[in-house]
Structures are given as C-alpha cells and as structure tokens.
Protein chains: 2
Amino acid sequence: MSSQDIPTAAISRLVTYLRILEALELQDVSRTSSNDLAERAQVTAFQVRKDLAYFGRFGTRGMGYTVPLLKRELVRVLGLNRTWNVVIMGVGRLGQAIANYPGASDYQFGYVGLFDVNPEIVGQEIRGLRVRHADDLSSFVRTQPVDLGFLAVPPEHAQAAAQTLVSAGIRGVLNFAPTIIQPRTHPGSSNPTDEWKQVSVENVDFLAGMKRLAFYTLNPSLRPSELNGTVELKPDGGLS
Amino acid sequence: MSSQDIPTAAISRLVTYLRILEALELQDVSRTSSNDLAERAQVTAFQVRKDLAYFGRFGTRGMGYTVPLLKRELVRVLGLNRTWNVVIMGVGRLGQAIANYPGASDYQFGYVGLFDVNPEIVGQEIRGLRVRHADDLSSFVRTQPVDLGFLAVPPEHAQAAAQTLVSAGIRGVLNFAPTIIQPRTHPGSSNPTDEWKQVSVENVDFLAGMKRLAFYTLNPSLRPSELNGTVELKPDGGLS
DNA sequence: TTATGTGAATTGCTTCACAGCG
DNA sequence: CGCTGTGAAGCAATTCACATAA
C-alpha cells in the first residue's frame, strides 16, 4: 500500500462519505461510526475504514468519528478547502444548466468565464458573466487564474474544445459530452502530447447512465449484488 | 464465469464501444478490430475481446468485426432495441435541461410524463407535455406503461420522490440528485422493502464528478495509470 | 468493552498466452 | 498468417480477523 495505489472507487466513496457527514451535521449529529457511514453509503464498514486509512487516522478507538472533524479532514483530502476557478466551454442549454446548478458554488468552486463559438450566444450575459468567444480563452487564462474547464459542447466538437482548454494550460477537465476525450491533439495521431500528460479528465455522462440503466432494468439478475454489506455482524453468535 | 459475474465496468465499456461503432458507421467505416476499438476506448484489446465474450462471439477470426453487425449486437445486448417510456420527476431547471437534451430520444427513449410538486410548474407545458402533480403518478402509470423514472428533484426530496416512483411500479431509476437512494421506504427503517428488490438505480452525479476532478487535479500522481493499453504489442521483438 | 486501524486472506477483475478458425 | 475467443495466471480491490487503543 505504497501511497500510490488508491483505488479510483475509493475517491468516489470519499465524496459520498463527505456528503453523509454534511447531512449529519445539518441534523446536529456530532458522532458517527464506520458502521453508520457504511449503512448510509451502502458499502461495508470494512470498506469505510480502509478508505479512510488511505489518508490517515481520523477516528477514536472504541468511540468512532466526530462528524465535524472527519468532515474537515475529507474536505482537505479532496482538495475542497481551496478556491477552484472554473470556465465553461459551451454555453448552450447544457452549459447554462450547469452554470445555474445550485451546489456547484459550494467549496469555493466559482465560474469565472463562459466561452462559446456560436455568434448568437457570444456576448450574452449569463449569471453576470459575459459569454466570450472560445478563441479568447488563451488570452483570458493569461489575465487570471483558471483551474478547471467544464466541457459542455456537442460531442462532435468535444475533442477540439478539450484541446483548446489544455493548450490554454488548464489541467482539469470535466467532460459532459458523450464521447471519450483522447489525450492528444488530433484523434488520429497516437502519441500522447506532453501537455496532456498532466491533465485529469472526469466524465459526467447522462446518456451512458441511461443506457446502463436500460441494461440493468432488463437484466436485474446481473446487477451488482445490491444488498452490499451494511451492518457489521459480530463473528460470534454461539452460546458461551 | 457463470453468466452471473459480468463486471459493472464491462457494461459501461460496452456503451463506449457502441458509441465508437456509431461514429465509425457515420464515417462509413465498415470494419474494425479489438485493437482499433481498444485504442479509441482507451482500454486494452484483451479487455475489448473479454467484454464482448461475456455476451457472444461477434467477430471473424483473422478479420475482425464488421461495424454494423457488432453495433446491432451491442444494441441488442444493452436492451436498446425496444421502446423505453420515461417519466421525469422534478421539472425545475435540471429536469427541463434533461427533457430538452438531444440524444436522449435515440434508441426509442421517450418522455411520456413530467411530474413536479411545485404549483408554479404543475400545469405548464414543456416539449408538448403538460406537467402533472407528483401525486398523480400512480394513476398515470395505470393508464399507460412507464419503464423508467428520471429523478431530478432537489436532494432533500430525492428519497421520497424515488419512493413514489417505486411504489408506482417503476423498476428503473436514473438519479440525478447528489444523494444516495436507499432501497427502502424510509431512510430509518433498515429492511429493504420487497418492491425495491427489483429496482435498478443508476446515478448521474455532476457534483461528485466535480469533486473527483478537484482531487485528481490536485494529485495527478494518484490518477489511474492513464496510458492504459492501446495497441497490442507482438510478444516477439527478439531476433530469431 | 467498544470500535478503529491494518496486515493477511480472499475475491474478482484484468491481463496474458495461445488455441481455434477463417 | 491474422485476429478472435478463452481458460489460466496475475494482480488489484475488497473482505476479514484481530491487535490496538480509548
């Protein structure tokens, strides 16, 4: 376990645990446990403890976890205790829905620029931001720091728009288009460009979710075992 | 490998392969191979062949795959060769964006009902559909078949809205709310209700994607090895 | 006595090497 | 001879049991 191999799934689960802690805090619950978190997150208590152990020791043996403390630690681990300046590429219906989605402004995620190529959209004002032309992204990034780019263009333009973001120096891309972003300038050339080596891409894919749902609704027997561990049973059970 | 254990990840990849095949068909490419698909999907050729093998034998040895045939097979496997009647719960900004998203209408996914509880929204007409009150869902489902429910309500109402869908007999839920749906009536009661046993839930989670992106952008070294296999190397290479 | 933290065992996904077929 | 299909090997992620600390 050499600090290198942390399963991707573990990061997703940390986000879930953080959400649970936020909900508990709103309900003024001050303490929790790996069992409680496990049940709410629909994983095993072993899993919760292992996931947390990748990043430190946040509990008290015999007692469990204190909600505000564990929450603060997860916020730190996930990098949510800093400002994230975000630009949106593509300000059509999807891009506007993203810009207006409440909750994105939590944890200092802030939209600082909106970009599009459609002359009917460029120049419009949305949420107090003037929509700029995508060609101006590069100069924009030089005037102020940008950490992340959200990609909300039609799928056929996603690769080019991603390239624009990366060429401008942006290292984190949240791709909403139903397509795979290739870590290279052109879909054809097969060597991954240096600038791409530092880029993280995460996908948010509505259509893929829809199709997976179709499959599992049609084949419920192939669903991942559902009743995944909740409460940690005592290994005992026999009469003493 | 008893037809029971097909990794969830394999299903996600099938969706990706299908997309690639659609793009190839648009470009009038008629043949492909596990190597070609692997490169485009950013997985190994072994993975492509194994994923396809879970469901059948779709290629020709020595030749590869014919695009229209493999596409047709994947459409069938994923259950996309039938009609899917969908209702949307929650017709605020997010629900409307979903209703208007192009591409959802592919493969016979069709919105047949829109539901909300907000009196300002109920009664409005969106995409030719009158928004009904969520209380009318149950009777609505009795008048016409509904296969899937898309959940686009605020997170604090997601559990109750999911329960409404499931009680109405809907077995597939696509959850857009940033919360975990518990397979039970109330978040408190811990026994999973019978009606939930047949329900599939898939999540589409924008905020979670954003937070994972924050983490990996801050910790690029922890990213999943990125340069995952593309071209299958010949095991040879030595002089004979 | 309780519930965490963690090396060890296990499961299951991915990778591999090659048999099978066109 | 090329590329698929697939049992077996390898490896990574999860599960487990228990030592540890409050």
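This note sets out numbered points on the structure, a predicted model.

1. Conventions. Residues are numbered from 1 along each chain as its sequence is written, and chains are lettered from A and ligands numbered from 1 in the order in which they are written. As the model is predicted, local features need pLDDT of at least 70 and side-chain atom pairs count only at pLDDT 80 or more, while totals for chains, interfaces and linings use all residues.

2. Symmetry of the protein chains. A turn of 180° with a shift of 0.0 Å along the axis lays chain A on chain B with an RMSD of 0.0 Å, the copies being superposed by least squares on the C-alpha atoms of residues with pLDDT of at least 70 in both. This is the relation of a two-fold axis.

3. Contact between the chains. Chain A and chain B each bring 55 residues to the contact, where two residues are in contact if their C-beta atoms, placed from the backbone, lie within 7 Å. On the side of chain A that touches chain B, two or more residues come from each of α1, α2, α5 (93-100), β8 (172-175), β9 (200-203) and α8 (206-218) of chain A. Helices (H or I, at least four residues) and strands (E, at least two) are DSSP runs, numbered from the N terminus. The most is given by α8(A), with 13 residues. By class, this side of chain A holds 31 nonpolar, 15 polar and nine charged residues; Ala, Val, Leu, Ile, Met, Phe, Trp, Tyr, Cys and Pro count as nonpolar, Asp, Glu, Lys and Arg as charged, and the others, Gly among them, as polar. The copies meet through the same surface, because 100% of the interface residues of chain A are also interface residues in chain B.

4. Surroundings of DNA strand C. This strand is surrounded by 30 residues, the closest being A:Ser33, A:Gly59, A:Gly62, B:Arg61 and B:Gly62; a residue is near a strand if its C-beta atom, placed from the backbone, lies within 6 Å of it. Two or more residues come from each of α2 (34-41) and α3 (45-53) of chain A and α1 (8-26) and α3 (45-53) of chain B. The largest share, five residues, belongs to α3(A). The surface comprises 11 nonpolar, 12 polar and seven charged residues.

5. Surroundings of DNA strand D. Among the 30 residues here, A:Arg61, A:Gly62, B:Ser33, B:Gly59 and B:Gly62 come nearest. The largest contribution to the surface near DNA strand D is that of α3(B), with five residues.

6. Domains of chain A. The assignment, automatic or from a database, gives domain 1 (8-77) and domain 2 (84-210). Their centres, taken over C-alpha atoms, are separated by 32 Å.
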